[in-house]
Structure formats: structure tokens, C-alpha cells
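Student: I have a model open and I'd like to learn how to read it feature by feature. Could we start with a strand pair and work outwards?

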Amino acid sequence: MQTRATTGTNFEKQIENGQWIRNERKPKMIWDVPGNNVFDKINNVDYDVTRFNLREDSILSKHDFVFHNDDSLTFEVKKYEMKKLKKWTLYSEPFFKVGTRSHKEKVDTNQYNKFVDDFFNTRKDIINRVLENISKDSLGIRCLDGFIPQHKLEYKVEIVKGWCNYNRITILFRIKD
């Protein structure tokens with residue numbers, strides 16, 4: 001596990017108490033395309049982003065904690081100081097990504113990056129749907145030195161150069177100006 005992930009998990013353990021319970025919910029994109037994995041699915045539509053559709057039963061929200069007697073009260077945890085969150089910061093990479101050696105063997109970098117770019121530029125319907133729902137059920141973000149309510153946060157989606165030069169569609173967040 002990456003150091004960033006390990007220290008984040010340790011921070012979450014410090015926050016947990018009888019009132020707030022760790023109950024992580026991650027986005028899970030379910031693509032309406034046949035295939036055993038996202039790379040098979042991309043290949044099965046011949047890298048045509050217009051045929052790569054998100055199913056309605058996908059999980060689009062994200063949180064780390066729920067209130068002990070009301071699971072509609074949730075929040076996300078980020079191990080950052082609030083002053084650092086005035087800049088755009090990684091929130092989630094829910095769409096699809098190449099992140100392991102076994103993934104790398106399944107897809108060509110240039111062909112995959114073209115698919116990512118085409119998806120980002122053509123499928124605003126899906127990107128906007130994910131962006132509208134990713135934090136919708138969350139009260140806000142708990143940081144090292146406080147809590148930021150949702151109405152003080154803003155989100156955007158960008159393409160970021162990822163591991164081994166594979167592009168990633170990434171959700172970023174920051175504290176509003």
C-alpha cells in the first residue's frame with residue numbers, strides 16, 4: 001500500500017469514535033459493455049467512447065464515515081491541513097485507470113490515452129453525472145485541523161498524467177475562494 005494511503009487510514013482510525021463509524025463507500029463505475037474488466041470493455045467497443053455507457057446501478061458517491069444511527073449523515077476524510085486545500089487537490093479517480101503492471105500489459109499507452117481524451121471531451125454527460133453525485137450525500141471533508149462543510153467546497157474534473165504516462169480522468173477539489 002502507498003504511504004499516502006497508509007497514513008490516511010491511520011488518521012481515519014484516530015477519528016473513529018462511538019458516534020462516527022468508519023464505513024467507506026467508494027465510487028464503483030459499472031460500464032454497460034460486455035467484458036471481464038474495464039480494458040476488455042474498452043476494447044469491446046473498439047475504443048468508441050460513444051458506445052461506452054455507464055449503468056444506472058453504478059455507485060457514484062464517496063464517503064469514509066457515517067453517523068452511528070443515521071447513515072444518511074456522512075463525511076469524507078483527507079489527511080491535509082486546510083490551508084493546503086486552497087489549491088486543487090486529488091479527490092477521486094473513479095472512472096478507469098491503468099495502475100498496475102498487469103493492467104499495463106492489457107492496453108497500449110497511446111491508444112488508451114486517446115480513449116481517455118476522447119471520453120473526457122465527448123462524454124460530458126457521464127462526467128457531469130459523476131461530478132454532481134460524488135459528494136452529494138456528504139456533509140463535507142474532515143481534515144487534520146478541522147472540518148470543511150460541503151457548501152465551502154468546489155469540484156472539477158481534469159485529465160492528469162498518471163503512472164507510466166497513462167492518463168487518468170481525475171476529480172479534484174478545493175476550498176472555494
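Tutor: Sure, and keep in mind that this is a predicted model. Start at C143, whose opposite number in strand 6 is G146.

Student: How many residues sit between strand 5 and strand 6 in their hairpin?

Tutor: Two residues lie between strand 5 and strand 6 in that hairpin. Strand 6 covers residues 146-149, and its antiparallel pairing with strand 5 runs over four bridges.

Student: Which strand pairs with strand 5 in the parallel sense?

Tutor: The general idea is that strands of a sheet pair through backbone hydrogen bonds, either parallel or antiparallel. Here strand 3 (residues 70-77) runs parallel to strand 5 (residues 138-143), with three bridges joining them. To find the register, look at E76: its bridge partner in strand 5 is I141.

Student: What is the strand order in the open sheet of three strands?

Tutor: The order is 4-8-7, and the pairing is antiparallel. Strand 4 (89-92) and strand 7 (153-161) are at the edges; each has a single partner strand, so one side of each has no neighbour in the sheet. On average, neighbouring strands in this sheet are turned by 45 degrees against each other, if you ignore direction.

Student: How many bridges join strand 7 to strand 8?

Tutor: Nine bridges, with strand 8 spanning residues 167-175 and the two strands running antiparallel. One pair to click on is K161 with its bridge partner N167 in strand 8.

Student: Let me try an edge strand. Is T89 buried or exposed?

Tutor: T89 belongs to strand 4, and at a relative accessible area of 11% it is buried. The cut-off for buried is under 20%. Beyond its neighbours within four places in sequence, T89 contacts Y80, K84, I171, L172 and F173.

Student: Now the helices. Which strands does helix 4 lie across?

Tutor: Helix 4 (residues 109-122) lies across strand 7 and strand 8, at about 45 degrees to strand 8. Helix 5 (residues 124-133) also lies across strand 7 and strand 8, and runs at about 135 degrees to strand 7.

Student: Which residues are buried in helix 5?

Tutor: I126, I127, V130 and N133 are buried there. Now look down the axis of helix 5: the buried residues fall within an arc of 145 degrees, so they line one face of the helix. As for what they pack against, it's helix 4, strand 7 and strand 8.

Student: Which residues touch the most other members of the largest nonpolar core?

Tutor: This core has 38 residues, and the ones touching the most other members are W31, F52, F95, F96, Y112 and F119. Helix 2 (38-44), helix 4, helix 5, strand 5, strand 7 and strand 8 each supply at least two of its residues. Helix 4 gives the most, with five.

Student: What does F95 touch?

Tutor: Leaving out residues up to four places away in sequence, F95 touches M29, W31, F119, I126, I127, V130, I169 and I171. There is also a second, separate core of seven residues, which includes I15, F67, F75 and V77.

Student: Let's do a loop. Where is L54?

Tutor: L54 is in the loop between helix 2 and strand 2 (63-67). Loop or not, check the accessibility: L54 comes out at 9% and counts as buried. Its contacts, apart from residues up to four places away in sequence, are M29, I30, W31, L60, I126, R129 and V130. Check the C-alpha atoms too: those of L54 and D32 are separated by 5.7 Å, while the two residues are 22 residues apart along the chain.

Student: And the backbone angles in that loop? What is the phi of D46?

Tutor: D46 has a phi near 55 degrees, which is positive in a residue other than glycine. D46 is in the loop between helix 2 and strand 2, as is Y47. Y47 also has a positive phi, about 60 degrees, although it is not a glycine.

Student: Is each of them buried or exposed?

Tutor: D46 counts as exposed at 59% relative accessibility, whereas Y47 is buried, with a relative accessible area of 15%.

Methods
Residues are numbered from 1 along each chain as its sequence is written. This is a predicted model: local features need pLDDT of at least 70, side-chain atom pairs count only at pLDDT 80 or more; totals for chains, interfaces and linings use all residues. Side-chain values use heavy atoms; hydrogens and water are left out. Two strands pair if DSSP finds at least two bridges between them. Axes are lines fitted to C-alpha atoms, for helices over the stretch in contact, and angles run from 0 to 180 degrees between N-to-C directions. Contact means heavy atoms within 4.5 Å. A nonpolar core is a set of buried Ala, Val, Leu, Ile, Met, Phe, Trp, Tyr and Cys residues joined through side-chain atoms within 4.5 Å. Buried means under 20% relative accessible area, exposed over 50%, partly exposed in between (1.4 Å probe, protein chains only). The arc is that of the directions from the helix axis to the C-beta atoms.
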